[in-house]
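The following exercises are to be worked through with the sequence and the model at hand. Each task is followed by a solution in steps.

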Amino acid sequence: MIRATRTLVCFLATVAVLASADSSIEANRQGDKQPAVYPGALVHAPRPLPDRVVLTWRGDPASTQAVTWRTDTSVEGAVAEIAVANESGRDLEPRTVSATTTLFESDLGAAHYHTVEFVDLQPDTLYAYRVGDRANWSEWYHFRTASREPHPFSFIYFGDAQNEIKTHWSRVFREAFRESPRAAFTLHAGDLVNDGNRDEAWGEWFGAPAWVNATIPVLPAPGNHEYRKVDEKTEGALRLVSRHWRPQFALPENGPAGVAEVVETAYYVDYQGVRFIALDSNLRQEEQRDWLRGVLADNPQRWTIVTFHHPIFSPARDRDNKALRELWKPVFDEFKVDLVLTGHDHTYARSGDVSSRVRVGMVNVKSGYQQAYDPSIGTVYVVSVSGPKMYDINGGDWAVRAAEDTQLFQIVRVNGDELRFEARTAVNRLYDAFTLKKRAGQPNELIELLPAERRRAPAGPAGPSK
Ligand SMILES: [Fe+2]
């Protein structure tokens with residue numbers, strides 16, 4: 001009898017517990033107890049442990065390597081250790097290099113950014129390094145110095161990441177890295193984030209590549225979203241590059257002399273036979289044109305690739321950038337720049353031979369007809385987007401290949417006299433591909449690798465294409 005009563009009590013208690021769990025699940029479903037969003041200030045709070053570790057170059061990629069990382073402000077004597085990598089980590093014989101530390105106040109609070117530049121490195125050598133404060137260390141990362149000679153390599157180019165970076169950009173970055181895990185570096189043509197002064201945005205941007213930024217360097221150009229007004233409320237207020245930019249990216253200071261605004265936003269790096277030139281299309285464009293002419297006139301590299309944010313050929317008629325085109329294009333033409341990599345228009349568009357579609361008098365930019373691809377020059381212009389924000393194409397007859405609503409990354413492989421360019425979608429589908437071939441005394445040969453798009457030649461009287 002007693003046993004039967006206990007069994008009944010136990011049964012009733014179990015039913016009560018299950019009923020109570022059911023009602024609490026139901027209450028949650030009905031929104032009585034919604035989970036709270038974990039605050040950005042906590043998600044992105046710095047700690048004594050290094051985070052946001054990122055490789056960049058300040059000097060020659062064959063003999064130097066800069067690394068920057070972040071900690072909380074308790075870390076004072078930050079250092080890096082470096083050694084030639086070997087098969088047995090415990091046998092590394094590192095040397096220690098002291099960091100330069102910058103106190104940085106973001107909208108989420110204070111942090112320390114630490115930078116070390118490793119110098120006197122051997123070319124084409126795999127190094128192991130770690131960063132820390134002698135008590136709290138990162139893991140050992142690897143990087144490889146550049147070869148002194150032209151040597152085949154690839155790099156990954158991204159248009160605007162900018163929005164919902166954790167949610168939607170991370171998969172693009174990771175597909176790109178899976179496609180080209182031995183890439184020498186990643187190149188970012190501006191609008192890395194949507195608000196260059198928001199620490200949460202940068203936290204997401206560093207979160208997507210994670211350890212990859214500590215292993216292959218980053219080569220960034222600033223977009224308009226990296227520029228913010230000093231005083232947000234005042235019309236026409238001075239705009240300056242994101243306060244994060246210089247503390248977190250240690251970039252070459254070889255831009256236009258005496259133009260303080262573009263220090264570390266306009267620069268060049270020579271890598272295994274290619275001169276990479278980053279321009280800051282946001283401001284001081286005239287001074288950069290003069291500097292660019294000098295950098296191109298005195299260029300021992302076989303290939304020249306220029307990157308900046310605002311395209312000088314746009315896939316949208318209402319975004320035509322005539323002033324910048326008139327300013328910079330003559331210099332690109334004069335020195336037959338091989339490739340111009342841009343972003344800003346949140347679409348894909350790539351120049352090439354559209355002669356079969358072009359009619360005499362056709363207008364494809366507001367300022368009048370200009371053929372973006374001129375076979376007597378050979379420069380190829382690209383607009384791309386890697387993040388999820390998308391615009392319309394309502395122009396762009398100059399492009400042989402274009403896309404709307406498609407997140408993309410690009411793999412560029414340079415091998416002697418050949419440069420192979422591939423645009424791939426977020427699901428790693430090949431979307432565009434061409435080869436440039438160097439020819440003695442002639443402009444590059446442009447070889448299309450995919451069948452031509454099925455597009456109509458513009459119809460009707462000469463005038464703005466519909
Ligand atoms: Fe953008």
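Ala-210 lies in the loop between H4 and strand E11 (218-221); helices (H or I, at least four residues) and strands (E, at least two) are DSSP runs, numbered from the N terminus. This is a predicted model, in which local features need pLDDT of at least 70, side-chain atom pairs count only at pLDDT 80 or more, and totals for chains, interfaces and linings use all residues. Residues are numbered from 1 along each chain as its sequence is written, and side-chain values use heavy atoms, with hydrogens and water left out.

**Exercise 1.** Determine whether Ala-210 is buried, partly exposed or exposed.

*Solution.* Buried means under 20% relative accessible area, exposed over 50%, and partly exposed in between (1.4 Å probe, protein chains only). Ala-210 has 38% relative accessibility, so it counts as partly exposed.

**Exercise 2.** State the sign of phi at Ala-210 and at Asp-191.

*Solution.* Most residues other than glycine have a negative phi. Ala-210, however, has a positive phi near 50°. Asp-191, also not a glycine, has a positive phi of about 50°. Asp-191 is placed in the loop between strand E10 (186-189) and helix H4 (199-207), and is buried because its relative accessibility is 1%.

**Exercise 3.** Identify the residues that coordinate the iron ion.

*Solution.* Donors are N, O and S atoms within 2.8 Å of the metal (3.2 Å for Na, K and Ca); water is not among the atoms, so sites may look incomplete. Asp-160 (OD), Gln-162 (OE1), Asp-191 (OD) and His-346 (NE2) coordinate the iron ion at 2.1 to 2.3 Å. Along the chain, their spacing is D-x1-Q-x28-D-x154-H.
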